[in-house]
Amino acid sequence: PRVRRVRRRAFLLQLSSSSSSWMSGRPCSARGPEAEDEEEQRPLKQSRMEEEDLDLKVPFGDSLSALEEAECLRFDGRSAVVVGKVRGSRALLSLTQKAACADGEGLVRLLPSVGATLTNHSGHEYSFYDVRWGGNAYAMEAIWPAAQWQIDRKKPAEYDLLEETPEKYRDVVEAFVAERAEKDSDGWIDAVASGRKEADRNLYKDDDFVVNVDTKWQSHEPLSEDPDVRKAWRGKPWTRDLYLLAVSTKRHLRSLRDLRGEHVPLCEAMAARLKDCALRVYGVPPAKLRLFFHYVPQFYRLHVHCTRVDQVNPGCEAERAHLLSAVVDHLKLDSDFYKNATLPCKLRHTDRLFPLLSAAAKDDAPSSKKDDETKKN
């Protein structure tokens, strides 16, 4: 009964208020001024409720200060994965670094005002720099003077996958390879293979080959020949990007095509030294390594690439990379395996080799006339 009286009293007050409002000529609301005030405040209350509800649904507001017990699971300089806790629950964060400029034109406009520090010079057209502006840092390779084929290799390009039979190699490709190999050998390759240049990149040298730090390993700390400096490299975080190169000193060994059974000891020695350098200098064990040849190679002097197996590098695709261990097995089974094999060639349309191989492929393609005759027969 008391509850009923309270409810009835409240209802009468509402009527009274409504009646006086109507009598005074003010707009009349069946719910009274208190209800009107409540109606005006409802959007604000609703907004606050939505904000509070959103705070419960997302981990962070305008900062990451709620993150506790953070642990970095992966970091490569461009992206990272972090696990931690937010309000007692586990949170998994994936971060990707955004570009310093919105587009290439913006970057080009900035370059004249950017500072650069020379870190290495090949003695020929290749030099390397640390480039910084604001909070941004780049490792820069400079090719100067740059040949047209080097410029073309850096452009976005369309690719085709062609087959190089032993006949096509003999009739079409080998003359091209001989010309390129001669030019390559007269440049930085002989200088590197002989030890005249890039001594700070050299990790091993004998009469048959050298082992060098590849120029693509741009996260490497400043290079040095000092043994004490090199001892400090072992196990460093940037060894995740390991990239070594074993380069033959013999000019007649230009690519996979030139390997025969007699070269098995050379291949095995290259493998052993690459594994030794990776472990001794950088602390990376053999089971973590991928050793392979490229075909088609970037330059025509036999060389073996060595990277970490958990890194996906350009050129380790199935159509281009040939594992060193598989190459050795093929040569043991058949001394002339790579002389007689049909090899896949992934080529840019701008590669100088592309028109030669693609023209040969068209010559091999059966004409429609021949197809029609075959069908009739």
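Here is a short walk through this structure, from the whole chain down to a few single residues. Keep in mind as you look around that the model is predicted.

Let's start with the big picture. The protein chain has 377 residues, and 35% of them count as buried. Its secondary structure adds up to 11 helices and 14 strands. If you take the contacts between residues at least 6 apart in sequence, 60% of them join residues at least 24 apart. As for the outside, the chain has an accessible surface of about 23800 Å², and carbon and sulfur atoms account for 53% of that.

Now head inside. The largest nonpolar core holds 56 residues, and the members touching the most others are Leu-242, Leu-244, Tyr-282 and Phe-293. Helix α7, which covers residues 264-282, supplies the largest share of this core, with 10 residues. To get a feel for the packing, pick Leu-242: leaving out residues up to four places away in sequence, Leu-242 touches Trp-217, Ala-278, Tyr-282, Val-284, Leu-289, Cys-306, Thr-307 and Arg-308.

Helix α7 deserves a visit of its own. It has 19 residues and reaches 27 Å from its first C-alpha to its last, close to the 27 Å expected at 1.5 Å a residue. Among its buried residues are Val-264, Leu-266, Met-270, Leu-274, Ala-278 and Tyr-282. Just past the end of α7 you come to Gly-283, which takes a positive phi of about 75°.

Next, a look at one of the sheets. Three strands make an open, antiparallel sheet in the order β1-β2-β3. The edges belong to β1 (67-75) and β3 (89-96); each has a single partner strand, so one side of each is left without a neighbour in the sheet. On average, neighbouring strands here are turned by 20° against each other, direction ignored. Strand β2, residues 79-86, pairs with β3 in the antiparallel sense over 8 bridges. You can spot one facing pair there by finding Ser-79, which stands opposite Thr-96 in β3.

Last stop: Ser-127, in strand β5, which runs over residues 126-133. Is Ser-127 buried or exposed? Its relative accessible area is 10%, and since buried means under 20%, Ser-127 counts as buried. Around it, setting aside neighbours within four places in sequence, Ser-127 is in contact with Leu-118, Asn-120, His-121, Met-140, Glu-141 and Ala-142.

Notes:
Residues are numbered from 1 along each chain as its sequence is written. This is a predicted model: local features need pLDDT of at least 70, side-chain atom pairs count only at pLDDT 80 or more; totals for chains, interfaces and linings use all residues. Side-chain values use heavy atoms; hydrogens and water are left out. A nonpolar core is a set of buried Ala, Val, Leu, Ile, Met, Phe, Trp, Tyr and Cys residues joined through side-chain atoms within 4.5 Å. Buried means under 20% relative accessible area, exposed over 50%, partly exposed in between (1.4 Å probe, protein chains only). Helices (H or I, at least four residues) and strands (E, at least two) are DSSP runs, numbered from the N terminus. Contact means heavy atoms within 4.5 Å. Accessible areas come from the Shrake-Rupley method with a 1.4 Å probe; for residues, only the protein chains shown count as cover. Two strands pair if DSSP finds at least two bridges between them. Axes are lines fitted to C-alpha atoms, for helices over the stretch in contact, and angles run from 0 to 180 degrees between N-to-C directions. The expected span of a helix is 1.5 Å times one less than its number of residues.
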